[in-house]
Amino acid sequence: MWYLHNGAPPHFARQVRDFLNVEYPNRWIGRNGPIHWPARSPDSTPCDFYLWGHMKQLVYSEPVNSIEELTARIRVAAETIREDPTVFGRVRASLERRARDCIDNNGLQFQHLP
C-alpha cells in the first residue's frame, strides 16, 4: 500500500513525516517524502478531484443520523470502492485529463474541471 500525503501545513510536521517513514517506508508520496508531489497542488491530487466526491455520494446518499451510522457508512463506502475495479480507472483517467489541461495551460493553475 502507498500513502498519498497532501502536504498541508498541519500534516507537514516532523512528527507526521517520521510516522509516515515508519509506517510507509519509501512508500509515501508528498512534500519532502521519498516520492515528491507538489504541495497542495490543486491540479494533480486525484483524491480531491474524484475519489472523495465519489465517496461522499455513497456516504451521504441519505441523511446521516449518528456518528456510529456515519462511521459504518464510511466503512461500507470504502469497501465498495475497493471492490470496484472501475473506480481506480476513472481516478486515473481524471488525473490524465487534468495533467493534459495543465500542460495545455503551460503549467499554470486553471479553474476546476467538471
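Let's start with His-54. His-54 sits in helix H2. This is a predicted model, so keep that in mind throughout. Is His-54 buried or exposed? It counts as buried, because its relative accessibility is 16% and the cut-off for buried is under 20%. Setting aside residues up to four places away in sequence, His-54 touches Ile-81, Val-87 and Arg-90.

Next door, Met-55. Met-55 also has its place in helix H2, which spans residues 46-59. Met-55 is buried too, at 15% relative accessibility. Which residues does Met-55 contact, leaving aside neighbours within four places in sequence? Ile-74, Ala-77, Ala-78 and Ile-81. Take Ala-78. It is 23 residues from Met-55 along the chain, yet their C-alpha atoms are separated by 7.3 Å.

One more from this stretch: Tyr-50. With residues up to four places away left out, Tyr-50 touches Val-87, Arg-90, Val-91 and Ser-94. Val-87 and Arg-90 are among the contacts of His-54 as well.

Now step back to the whole chain. It has four helices and two strands. Along the sequence, the pattern reads β-α-β-α-α-α. There are 114 residues, and 26% of them are buried. What about long-range contacts? Take the contacts with a separation of 6 or more: 42% of them join residues 24 or more positions apart. The accessible surface is about 8,200 Å². Carbon and sulfur atoms account for 58% of that surface.

On to the core. In soluble globular proteins, nonpolar side chains tend to be buried together. Which residues make up the largest nonpolar core here? There are eight: Tyr-50, Leu-51, Met-55, Val-59, Ala-77, Ile-81, Val-87 and Val-91. At least two residues of this core come from each of H2, helix H3 (67-83) and H4. H2 gives the most, with four residues. Note that Met-55 is in the core, and that its contacts include the core residues Ala-77 and Ile-81. Tyr-50 is another member, and it touches Val-87 and Val-91.

Helix H4 deserves its own slide. H4 runs over residues 85-104, which is 20 residues. From first C-alpha to last it reaches 30 Å. That is close to the 28 Å expected at 1.5 Å a residue. Which residues of H4 are buried? Val-87, Val-91, Ser-94, Arg-98 and Cys-102. They cover an arc of only 75° around the axis, so they are on the same side of H4. The spacing idea is familiar. An α-helix has 3.6 residues a turn, so residues three or four places apart point the same way.

Turn H4 around. The face away from the buried side carries the exposed residues Pro-85, Arg-92, Ile-103 and Asp-104. Just after H4 comes Asn-106, with a positive phi of about 55°.

Last topic: salt bridges. How many does the structure hold? Five. I'll show three of them.

The first pairs Arg-82 with Glu-79. Their side chains meet at 2.9 Å, N to O. Both lie in helix H3, three residues apart, about one turn of the helix. Arg-82 counts as exposed, because its relative accessibility is 60%. Glu-79 is partly exposed, with a relative accessible area of 29%.

The second pairs Asp-84 with Arg-90. Here the closest N and O atoms are 4.0 Å apart. Asp-84 is partly exposed at 24% relative accessibility. Arg-90 is partly exposed as well, with a relative accessible area of 34%. We have met Arg-90 already: it touches His-54 and Tyr-50.

The third is within H4, between Glu-96 and Arg-100. The closest N and O atoms are again 4.0 Å apart. Because they are four residues apart in helix H4, about one helical turn separates them. Glu-96 is partly exposed, with a relative accessible area of 43%. Arg-100 is partly exposed too, at 48% relative accessibility.

To wrap up. His-54 and Met-55 are both buried in H2. H2 is the biggest contributor to the largest nonpolar core. H4 keeps its buried residues on the same side. Salt bridges number five.

Key: Residues are numbered from 1 along each chain as its sequence is written. This is a predicted model: local features need pLDDT of at least 70, side-chain atom pairs count only at pLDDT 80 or more; totals for chains, interfaces and linings use all residues. Side-chain values use heavy atoms; hydrogens and water are left out. Buried means under 20% relative accessible area, exposed over 50%, partly exposed in between (1.4 Å probe, protein chains only). Contact means heavy atoms within 4.5 Å. Accessible areas come from the Shrake-Rupley method with a 1.4 Å probe; for residues, only the protein chains shown count as cover. The expected span of a helix is 1.5 Å times one less than its number of residues. The arc is that of the directions from the helix axis to the C-beta atoms. A nonpolar core is a set of buried Ala, Val, Leu, Ile, Met, Phe, Trp, Tyr and Cys residues joined through side-chain atoms within 4.5 Å.
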